Amino acid sequence: MIFFKRILLLVLLAGIIFNCFAATTDSSIHYHESDRTISLSVPDKKLSLVIDFSKGCVVKQLMVNGLQTLSPAGAYTGIKLQSGTFSSASIKGHVKLSRSANGITFSDIVYGNDSLTVSETWTFTVRNNYIDWTINRTYSNAAQLLDMAFPQWNFAGLSVWKGGILDNGGMVWCKYLKKPDDTYGVHTGGVTFWNAQSGNALRLSTRTNSGGALATKYSNLNTNFTCTQLFTDEPLKQQHNLSRFVSGKFDVFAPVNVKAGKTTATVRLQYVDYFKEYSRGKLPGVDADAVRELMNTTGRYGVVDNNIIGANGWLTNWKCMHEPFFAQIGMALNDSNYTRNMATTLDQERDQAIKPDGRVLSRWHNEPGDEIPGTYNKDTGYYEAMWGYTIDSQPDYVINTSEQFDLSGDVSWLRSHKTSCEKALDWLIKRDANNNGIFEMMNKNIADKKASDWLDIVWASYENAFVNAQMYEALTLWANCEQVMGDKERSEHYRSIATRLKTSFNKPIEDGGFWSEDKKQYVYWRDDDGSVHGDNLVTPVNFAAIAFGLCDDEQRIKLILEQIEQRTVSENLFHWPLCFDSFKREEVQGGNWPFPKYENGDIFPSWGYLGVRAYGKYDKNIALKYIHKLLQQYQKDGLSSQRYSRTTQKGLGDDILAGICTSITALYRDIYGLRPKWNRMGLEPNLSAELNGTQFNYILRDTTYHLKLSVSDYSIATDRLQISANQSFGISNAGKQFIIYPHNREDQMFTINAASNNTLKATIDKQNNNSLIFKIISKDNYRIALKGFQANQQYKVTIGRKTKSFKTDSKGNIIFNQSCRTPTIFKIQKDG
């Protein structure tokens with residue numbers, strides 16, 4: 001018997017049909033004595049409620065921009081005991097009303113039985129653009145609840161909302177609650193429901209006055225979409241293993257014990273203009289609506305719950321640690337809730353998924369069945385995948401941690417991951433038995449019939465180019481993090497290892513590297529017997545070599561990318577397949593045969609960001625072409641599949657992979673050039689003319705940056721600064737101090753300290769190792785410090801028409817004061 005099904009049935013059978021009441025006065029609160037209802041609305045009428053207290057207490061109408069969103073059952077509170085289900089829809093006695101200046105209170109809402117009585121007081125308070133519903137609940141005694149509603153919202157069908165954006169960065173997608181009682185439960189209390197056609201959205205923000213834990217479950221209940229909010233003293237546990245989604249079951253959460261006494265929570269209801277709130281800005285040449293919807297659906301779907309962000313998502317209750325793009329998705333989503341959840345996800349993995357020797361377990365799942373025997377932890381859900389030790393979880397944990405740090409800027413948080421990231425890297429660094437600079441997998445050769453990376457039924461073994469490419473990226477990023485934390489020795493250590501890996505990686509296969517001069521590509525792996533495998537143009541391997549900077553040979557880049565483009569065009573594919581030719585039969589598991597099938601030739605857009613990044617460096621128009629094709633595919637099918645058939649180009653697989661959105665994350669990173677850094681906002685655009693006039697806002701650490709982008713014309717503005725340039729740059733601001741980073745690098749920068757709180761307006765015209773030209777347009781007295789020039793050298797500084805000579809100090813700095821009353825050009829050049 002599902003929760004409240006009996007209550008819903010009674011309400012529906014009663015045939016209660018509710019009419020809208022037109023406001024008769026300018027007041028936001030109206031009492032309708034004839035049918036004992038109260039209506040409330042915010043001043044602009046975008047949000048209104050009708051509460052029926054004739055037989056109990058039920059919110060019968062929730063009007064969002066003039067549209068009724070609730071089913072006849074409405075919204076109510078309640079409990080479920082072993083002895084029965086009880087709710088505010090049917091109470092003992094009569095409700096009492098009292099009114100205040102901007103609200104109304106319903107008291108004596110009493111329901112339950114002899115084993116437990118609940119007494120509630122509801123207070124609705126109307127503000128300028130929201131309504132607060134405060135629920136004060138008193139339990140007569142301690143008891144065990146099988147379920148509760150605090151409250152439950154019964155919406156009028158699964159099509160009222162496309163989905164809901166959760167306040168942990170995730171989303172509930174209504175169309176995937178397909179079967180009766182399908183339920184998704186998360187440990188968070190806030191959600192923004194949206195309708196992608198009308199642009200109407202409803203935000204529910206829940207807070208508590210006395211601590212405790214919030215949770216919410218979303219269900220298909222009698223073909224209606226329900227949102228049931230729960231408030232308990234301790235976080236709720238799952239009822240079915242560690243499942244957040246359960247099919248055909250309403251009881252996603254385990255029974256909970258409640259104490260005698262009072263508990264209080266407030267739900268804030270607010271109308272949101274979805275198109276405005278979640279606008280992607282002005283994106284000439286790009287389908288901005290498709291970008292918005294893809295990122296808010298597939299892009300968020302990988303969030304399973306608090307502390308579990310992955311790509312496989314909540315429908316299958318899965319997360320793979322051997323994927324490096326979760327923080328990158330957060331960069332493109334630009335949602336602080338996702339960013340916070342990503343930080344705690346990495347915290348949990350540090351504490352629960354990394355073994356004492358540094359091995360990073362490869363997966364999380366709600367129940368056993370996919371693991372190497374003996375590795376599944378039923379309390380945490382982490383384990384080693386049955387297909388083999390997927391070693392890419394080592395570098396991918398480090399990559400995600402490094403990129404997450406650039407978003408949060410939290411050095412203390414980074415320090416909390418210092419030991420774990422070092423252990424993860426060192427675990428793989430030790431796996432170089434032949435001391436050739438290439439790191440080895442746990443499996444030796446194809447005879448083991450085990451996987452070693454994300455392609456989990458391809459028997460890539462021993463020296464794996466894909467894992468080593470990700471290791472190179474991890475070493476490079478982590479060396480930068482070590483430098484930020486002041487550990488120069490460790491930073492140099494990891495850089496030297498990365499340099500050696502790069503040299504070894506690029507050697508011809510005859511000399512122990514991965515480059516095949518015959519096939520003009522990087523091969524996938526080498527077995528311990530020296531045999532080479534995967535010369536079938538495996539795209540993630542070759543893209544990663546270019547995208548991560550392992551391959552910087554212009555001729556090799558051309559050979560690889562021209563091959564891939566020619567093959568992709570010849571088949572008229574909308575995206576790149578995992579490989580263009582077949583693996584050998586003995587190199588793959590049966591699920592990959594015959595070619596093209598699954599990881600042996602199908603299209604997996606999850607690695608699209610590597611392709612966009614690689615082509616962005618070579619020919620950005622090709623990169624943009626596949627971004628356009630991906631967005632066109634979104635308009636066809638929503639891009640909610642695991643993969644696409646090579647032959648039909650139709651979606652396949654039970655999983656939905658959030659990684660499908662990574663080509664769009666690459667649009668932001670590698671085309672628009674978003675490069676947020678831990679200490680600044682960075683911009684490194686790589687635009688084509690069709691994108692000229694791009695404008696959007698980006699929020700980084702609570703500062704809103706207004707970006708305007710055209711070819712060789714970039715600007716960043718906040719309420720404190722307006723900086724433009726014809727090259728890449730970064731900017732930070734604290735009070736009256738502004739730091740500008742030409743080319744978005746830290747080796748040369750300049751600090752401008754203003755005397756007043758005026759907005760700084762400046763342009764950067766030129767920068768290289770020996771010169772710098774910039775202009776300050778705003779009026780103020782400034783102290784300017786130029787940093788990163790050659791130490792103890794003479795430089796000419798021209799300010800307007802006057803030239804002075806300065807000698808840099810032992811650190812390469814030049815410091816001077818300047819009063820700017822008109823736009824002033826500064827030219828710094830080495831003298832002689």
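**Exercise 1. In this predicted model, which residue just after helix 5 takes a positive phi, and how many residues of helix 5 are buried?**

Step 1. Directly following helix 5, the backbone of Asn334 adopts a positive phi of about 55°.

Step 2. Helix 5 itself spans residues 326-333 and is mostly covered, with eight of its eight residues buried.

Step 3. Reading along the helix, these buried residues are Phe326, Ala327, Gln328, Ile329, Gly330, Met331, Ala332 and Leu333.

**Exercise 2. Describe how strand 6 and strand 7 are joined, and find which residues of strand 7 lie on each of its faces.**

Step 1. Strand 6 (residues 70-81) pairs with strand 7 in the antiparallel sense, and four bridges connect them.

Step 2. The two strands form a hairpin, in which two residues lie between them.

Step 3. Within this pairing, Phe86 of strand 7 has Ile79 standing opposite.

Step 4. Strand 7 (residues 84-87) is covered on both faces, since one side carries Gly84 and Phe86, the other carries Thr85 and Ser87, and all of these are buried.

**Exercise 3. Trace the open sheet of nine strands from one edge to the other.**

Step 1. The strand order is 8-9-10-11-23-18-17-14-15, and the pairing is antiparallel.

Step 2. The edges are strand 8 (96-100) and strand 15 (171-173), each of which pairs on one side only.

Step 3. Neighbouring strands of the sheet are turned against each other by 20° on average, with direction ignored.

Step 4. At one edge, strand 8 runs antiparallel to strand 9 (residues 103-113) and is joined to strand 9 by five bridges; there, Ser98 has Thr105 in strand 9 as its bridge partner.

**Exercise 4. Work out how helix 15 and helix 16 pack, and which residues meet.**

Step 1. Helix 15 (residues 620-637) packs against helix 16 (residues 662-671) at an angle of about 150°, and the axes are 10 Å apart.

Step 2. The crossing of helix 15 past helix 16 is left-handed.

Step 3. From helix 15 come Lys620, Ala623, Leu624, Ile627, Leu630 and Leu631, which meet Ser663, Ile664, Leu667 and Ile671 of helix 16.

Step 4. Sorted by class, this contact contains eight nonpolar residues, one polar and one charged.

**Exercise 5. Which residues touch the most other members of the largest nonpolar core, and which helix gives the most to this core?**

Step 1. The core has 164 residues, and those touching the most other members are Tyr524, Ile664, Leu667, Tyr668, Tyr672, Leu786 and Ile828.

Step 2. Helix 10 (residues 465-484) contributes the most, with 12 residues.

Step 3. Taking Tyr672 as an example, and not counting residues up to four places away in sequence, its contacts include Leu283, Val286, Leu667, Leu683 and Phe696.

Step 4. Another core of 81 residues lies apart from this one, and among its members are Trp122, Ile135, Ile165 and Trp194.

**Exercise 6. Are Ser504 and Thr763 buried or exposed, and what does each contact beyond its neighbours within four places in sequence?**

Step 1. Ser504 lies in helix 11 (residues 488-505), and Ser504 counts as buried because its relative accessibility is 6%, where the cut-off is under 20%.

Step 2. Beyond those sequence neighbours, Ser504 is in contact with Asn436, Gly437, Ile438, Gly512 and Gly513.

Step 3. Thr763 belongs to strand 44 (residues 760-767) and, at 14% relative accessibility, is also counted as buried.

Step 4. With its sequence neighbours again left aside, Thr763 is in contact with Ser724, Phe774, Lys775 and Ile777.

Terms used. Residues numbered from 1 in each chain as written. Predicted model: local features only at pLDDT ≥ 70, side-chain atom pairs only at ≥ 80, totals over all residues. Heavy atoms only, no water. Pairing = 2+ DSSP bridges. Axes fitted to C-alpha atoms, helices over the stretch in contact; angles between N-to-C directions. Buried < 20%, exposed > 50% of the residue type's maximum accessible area, 1.4 Å probe, protein only. Contact = heavy atoms within 4.5 Å. Core = buried A, V, L, I, M, F, W, Y, C linked by side-chain atoms within 4.5 Å. Left-handed = near helix turned anticlockwise from the far one by under 90°. Nonpolar A, V, L, I, M, F, W, Y, C, P; charged D, E, K, R; others polar.
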